[in-house]
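This briefing is for a reader who has not seen this structure before. Please look over the sequence and the model shown here, then read the points that follow.

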Amino acid sequence: MTTGAPTSPYSTTTRPRRSRWRRYLPLGVAAWLVLEIWLLTLVAGAAGGFTVFLLLVAGFVAGSVVIKRAGRRAFRSLNEALQRGGSPERGGGNGLMMLAGLLLMIPGLISDAAGLLLLLPPVQKAVSRYAENALEKRLRAAAPGSIGDAFQQVRIHRPDGKVVQGEVIREDRPGTGEPGEQYPPLTR
């Protein structure tokens, strides 16, 4: 007996397979938190609680300074590019600098060490090169109709690949935009 309610494409016995990231990310975050707390208690036992507090405050202040500096640099490069009439330069490293600042702001010694490593230019270049290659590989392997395929379809205006060039001319006439005025449909 059917009730007319739509059924799920997945039955209760076959669920879509979860990716490795979704499966192991919570476990990795929990292990990282336990390791951070354990390391902080070790340092507090050796150097004292006040020293750990000062380390955490110094990391927060340093992270906020790094983020502010990277934001200013990104804004300056955007402003200069707009004045030149071009687009901002690629590979400025502002995103990685902001990530380094965020890692410094997160309480913990491992995240501070990772943030300090990310401030080094050779490490930034290696991480950005790895991220670009991984993103490029993912976009090439994307299934048709997915978000990766959308980047390819943006350039195509017609299904046969032809680009129709044209010019939009707007003639402002009195009475345009009056309530109740009929407009032609946007799609056919």
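Which pattern does the protein follow, read along the sequence? The pattern is α-α-α-α-α-α, with 6 helices and 0 strands in the protein. The model is a predicted one. The points below go from the whole chain to its surface patches and then to two buried residues, Leu-104 and Gly-63.

**The protein as a whole**

- The protein has 188 residues, of which 13% count as buried.
- About 16200 Å² of the protein is exposed, and carbon and sulfur atoms supply 63% of that area.
- Taking contacts between residues at least 6 apart in sequence, 51% join residues at least 24 apart.

**A positively charged patch on the surface**

- Five arginines, Arg-17, Arg-18, Arg-20, Arg-22 and Arg-23, gather on the surface in a patch of positive charge.
- One of them, Arg-20, belongs to helix α1, which covers residues 20-47.
- Arg-20 counts as exposed because its relative accessibility is 68%, and the cut-off for exposed is over 50%.

**A nonpolar patch on the surface**

- A nonpolar patch on the surface is formed by Phe-50, Phe-53, Leu-54, Val-57, Phe-60, Val-61 and Val-65.
- Together these residues have about 680 Å² of accessible area.
- Val-61, a member of this patch, sits in helix α2, residues 49-84.
- The relative accessible area of Val-61 is 45%, so this residue is partly exposed.

**Leu-104, a buried residue in helix α3**

- Leu-104 is part of helix α3, which runs over residues 94-105.
- With a relative accessible area of 4%, Leu-104 is buried, because buried means under 20%.
- Apart from neighbours within four places in sequence, the contacts of Leu-104 include Gly-59, Phe-60, Ala-62, Gly-63 and Val-66.
- Leu-104 is also in contact with Ser-111, Asp-112, Gly-115, Leu-116 and Leu-119.
- Phe-60, which is in the nonpolar patch, is 44 residues from Leu-104 in sequence, while their C-alpha atoms are 6.1 Å apart in space.

**Gly-63, a buried residue in helix α2**

- Gly-63 lies in helix α2, as does Val-61 of the nonpolar patch.
- Is Gly-63 buried or exposed? Gly-63 counts as buried, because its relative accessibility is 0%.
- Not counting residues up to four places away in sequence, Gly-63 touches Gly-101, Leu-104 and Met-105.
- Between Gly-63 and Ile-106 there are 8.5 Å from C-alpha to C-alpha, and the two are 43 residues apart in sequence.
- The contact between Gly-63 and Leu-104 links a residue of helix α2 with a residue of helix α3.

Conventions: Residues are numbered from 1 along each chain as its sequence is written. This is a predicted model: local features need pLDDT of at least 70, side-chain atom pairs count only at pLDDT 80 or more; totals for chains, interfaces and linings use all residues. Side-chain values use heavy atoms; hydrogens and water are left out. Patches are made of residues with over 30% relative accessible area and no salt bridge: like charges are joined within 9 Å, nonpolar side chains (Val, Leu, Ile, Met, Phe, Trp, Tyr) within 5 Å. Accessible areas come from the Shrake-Rupley method with a 1.4 Å probe; for residues, only the protein chains shown count as cover. A salt bridge is a side-chain nitrogen of Lys or Arg within 4 Å of a carboxyl oxygen of Asp or Glu. Lys and Arg count as positive and Asp and Glu as negative; His and the chain ends are not counted. The place of a charge is taken as NZ of Lys, CZ of Arg, CG of Asp or CD of Glu. Helices (H or I, at least four residues) and strands (E, at least two) are DSSP runs, numbered from the N terminus. Buried means under 20% relative accessible area, exposed over 50%, partly exposed in between (1.4 Å probe, protein chains only). Contact means heavy atoms within 4.5 Å.
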